Amino acid sequence: MTETLRKVFEGVLDRLQYQVTTLLPPLLAGAVILLAAYALAILSRWIITRIFKGMAIDKFLRQSGLAFMIDPSGRLRAVTIAAEGAYWAFLIAGVLTAVSIFDTDLTTQMVQAFVFLLPKLVLSGAILLAGAWLAQYLGRGMLVWAVNEGIPAPRRVAAVVRVLLMFIAVVVAADQLNFARSVFLAAFIMTCGGIVLAASIATGVAASRGLERFLMDKQDAQKEPSPSLWNHL
Amino acid sequence: MTPAAISPGAEQAAGFVRQADIVVGIPSFNNARTIGHVVRAVHAGLAKFFPQWTAVIVNSDGGSTDGTRQEVLSAHMDEQHLLLLSTPVSAAHRLSVPYHGIPGQGRAFRLIFEIAERLGAKVCVVVDADLRSIAPEWIDHLARPVLQAHYDLVTPYYHRHKYDGTITNNIVYPLTRSLYGAIVRQPIGGEFGISRKLFHRYLERTDWETDVARYGIDIWMTTIALAENFRVCQSFLGAKLHDAKDPGADLSDMLKQVMGSVFLLMLEYEPVWRVRSGSRPTELFGFRFDVGVEPVAVRVDRMIDAFRAGFRDLHEIWQRVLAPKTYEGVRSVALHGGRTADPFHFSDALWTDVVIDFACAFRRRPMDRGYMMSSFTPLYLGRVASTVLAFEPLTAPEVENEIEQLCLQFERAKPGLLARWDGNGAIVNTKEEAKENTP
């Protein structure tokens with residue numbers, strides 16, 4: 001009995017020793033790497049904040065409307081983007097290095113998957129950002145134009161433009177990531193079909209009204225034309 | 001000098017004429033209805049007042065489809081009916097040439113200046129093609145101050161209906177006067193007399209392809225002359241009666257182009273206008289007389305609706321462009337103006353702040369300049385509606401006095417403009433202005 005207990009206890013100790021001797025060094029090394037990466041991340045953020053000016057980029061961000069789009073307060077600066085970018089780059093690199101130290105199948109797969117996906121993620125993010133910017137830019141243009149032309153519900157018109165452009169950006173980004181490709185593509189085709197159908201109906205209705213108005217105008221041709229809103233310029 | 005705007009056809013025509021002392025330019029686009037009268041008046045003016053000078057009438061056309069160019073070439077004036085004291089040395093030549101590139105008045109002007117330059121003209125006179133009140137004397141009034149008094153730019157001075165010329169009265173005249181310190185009543189009148197020195201300077205410029213190429217040309221010409229210390233005067237021309245603007249044109253674009261030109265030139269001539277204060281009168285030639293003007297019909301209710309709709313849908317843009325105090329003022333007018341017993345009122349002080357804030361935002365560029373300037377249209381319509389209501393019971397001199405008060409308001413606000421221009425955000429207003437600003 002005692003012998004059995006001793007053997008079990010020794011087995012536990014052996015396994016523990018094995019695990020400690022096998023896993024503790026990489027764990028410690030991983031922790032050290034993580035700490036170092038964190039320190040580097042903070043240091044890089046601090047240095048960039050003090051050195052980098054990026055006034056030209058600030059100007060671009062402000063003028064393009066990206067500053068207001070990403071941060072509604074409009075206080076977004078190039079230096080913040082650069083500093084935060086460096087901070088997260090160091091941190092993520094640190095985590096990946098720390099994880100890869102364990103050298104197991106799981107960690108290798110994790111690192112490989114991340115490295116493989118990273119360019120696609122970056123590209124998809126850029127597509128979404130560009131789509132959001134374009135949607136905002138053209139939506140605003142549509143809004144101003146619709147207000148000046150006296151088109152009813154200009155905000156809705158602008159919102160439709162924004163949503164459509166954003167939807168296109170999401171479809172392209174999903175295609176990049178190979179994520180629910182068929183679902184997004186089907187939805188996109190259905191939306192486009194719906195738009196074409198709606199436009200056709202609208203054109204038909206407008207044409208019939210236009211014809212009606214044309215015939216009425218012909219009758220009213222003798223009457224005095226009403227003054228333009230702008231004839232005082 | 002930027003690449004020449006002159007086409008081979010125009011070059012050939014100019015080569016045929018070879019030399020002219022006076023070039024009279026008539027920019028046109030679908031003005032067949034009125035241009036014949038304008039050409040006859042110009043022809044008569046040249047024959048009557050400048051018989052010893054060689055002259056050319058140049059029609060710079062933007063591709064009219066209504067026979068404008070044929071009308072120019074076929075317009076006939078029988079000199080026997082002019083009661084001339086001396087026979088002209090030679091009859092004025094007539095050229096009608098199309099211009100190429102960006103369609104617009106600026107492009108047409110450029111071609112006229114190019115031809116004037118090639119012909120070695122001493123003076124170039126420009127008149128609108130849609131004028132119905134032009135008389136032969138206009139050519140004399142526009143050309144003689146250049147030829148005999150050595151002025152460089154002659155701007156028109158005429159009577160207009162109290163509701164006419166609202167961009168001039170509300171924006172361009174007060175702003176130009178407060179910036180450059182010269183009282184030029186019609187800085188975008190459309191009729192000018194220009195010396196050789198000045199049109200040569202215009203042709204040297206490289207910004208012909210901006211808003212200047214279109215409706216911004218008039219204020220561009222006046223501003224350059226004022227900012228670069230050319231000699232500027234005014235000539236009294238009587239009344240200005242002209243055809244209604246082309247209904248097909250996007251008139252919001254016209255406002256945008258004129259203001260865009262003003263603001264672009266503010267950026268360029270900042271060192272000039274920063275140091276100028278107050279305003280001084282500009283020499284006025286011609287015998288002033290009262291004359292009847294055609295009434296202008298306006299639709300105030302629709303303008304107010306457009307302003308309110310603008311506030312409802314564009315207030316986020318205005319919030320980013322206007323200073324907080326200005327925005328609050330606009331908001332108050334949009335929400336409460338005209339809804340009580342008091343009439344709709346967009347005060348001078350508030351309007352001045354709006355224009356100044358847009359000028360500063362144009363420099364700061366918190367967003368795309370095009371959209372920002374387009375969003376100005378409803379504000380402008382609100383202001384015009386307010387002035388129409390305010391001017392309704394007033395006589396012409398009283399209206400002129402009101403416009404004078406607006407100009408003085410702009411002049412008083414100049415320190416505030418400088419502060420905001422420099423990014424201090426300070427709104428320098430007196431207590432009285434603040435009181436007036438409260439609807």
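**Figure 1. Right-handed crossing of α6(B) and α16(B) in the predicted model.** The helices α6(B) and α16(B) cross in a right-handed sense. On the α6(B) side the contact is formed by N169(B), Y173(B), P174(B), L175(B), R177(B) and S178(B), and on the α16(B) side by I403(B), L406(B), C407(B), F410(B) and E411(B). The two axes come within 9 Å, with a crossing angle of roughly 50°. This angle makes α6(B) oblique to α16(B). The model shown here and in the following figures is predicted.

**Figure 2. Buried face of helix α17(B).** Helix α17 of chain B covers residues 414-421, and its buried residues are K414(B), G416(B), L417(B) and R420(B). Viewed down the axis of α17(B), these buried residues fall within an arc of 155°, so they line one face of the helix. Their cover includes α6 (166-180), α13 (348-364) and α16 (396-412) of chain B. Just after α17(B) comes G423(B), with a positive phi of about 85°.

**Figure 3. N229(B) in the loop between α8 and β8 of chain B.** The flanking elements of this loop are α8 (217-227) and β8 (232-239). N229(B) is not a glycine, yet its phi is positive, at about 60°. Most residues other than glycine have a negative phi. N229(B) has 10 C-beta neighbours inside 10 Å and therefore counts as exposed, the cut-off for that class being 12 or fewer.

**Figure 4. R365(B) in the loop between α13 and α14 of chain B.** The helix on the far side of this loop, α14, comprises residues 369-374. R365(B) also is not a glycine and has a positive phi, of about 55°. Is R365(B) buried or partly exposed? There are 13 other C-beta atoms within 10 Å of R365(B), so the residue is partly exposed.

**Figure 5. Surroundings of I6(B), in the segment before α1 of chain B.** Helix α1 of chain B covers residues 8-17, and I6(B) lies in the segment before it. I6(B) counts as buried because it has 21 C-beta neighbours inside 10 Å, where 20 or more are required. Leaving aside neighbours within four places in sequence, the contacts of I6(B) are with E11(B), L111(B), E114(B) and I115(B). P98(B) is 92 residues from I6(B) in sequence, and the C-alpha atoms of I6(B) and P98(B) are 9.5 Å apart in space.

**Figure 6. Chain A, a chain of helices without strands.** Chain A has seven helices and zero strands, and its elements run α-α-α-α-α-α-α from the N terminus on. The C-alpha trace of chain A spans about 120 × 50 × 25 Å along its principal axes. The radius of gyration of chain A is 31 Å, whereas a compact globule of 233 residues would have one near 17 Å. Buried residues account for 18% of the 233 residues of chain A. Among contacts in chain A with a separation of 6 or more, 65% join residues 24 or more positions apart.

**Figure 7. Chain B, a chain of helices and strands.** Chain B contains 18 helices and ten strands. Of its 439 residues, 55% are buried. Residues 24 or more positions apart provide 87% of the contacts in chain B with a separation of 6 or more.

Key
Residues numbered from 1 in each chain as written. Chains lettered and ligands numbered in written order. Predicted model: local features only at pLDDT ≥ 70, side-chain atom pairs only at ≥ 80, totals over all residues. Helix = DSSP H or I, 4+ residues; strand = E, 2+ residues; numbered from the N terminus. Rg over C-alpha atoms; globule rule 2.2 N^0.38 Å. Contact = placed C-beta atoms within 7 Å. Arc of directions from axis to C-beta. Axes fitted to C-alpha atoms, helices over the stretch in contact; angles between N-to-C directions. Parallel < 35°, antiparallel > 145°, perpendicular 65-115°, else oblique. Left-handed = near helix turned anticlockwise from the far one by under 90°.
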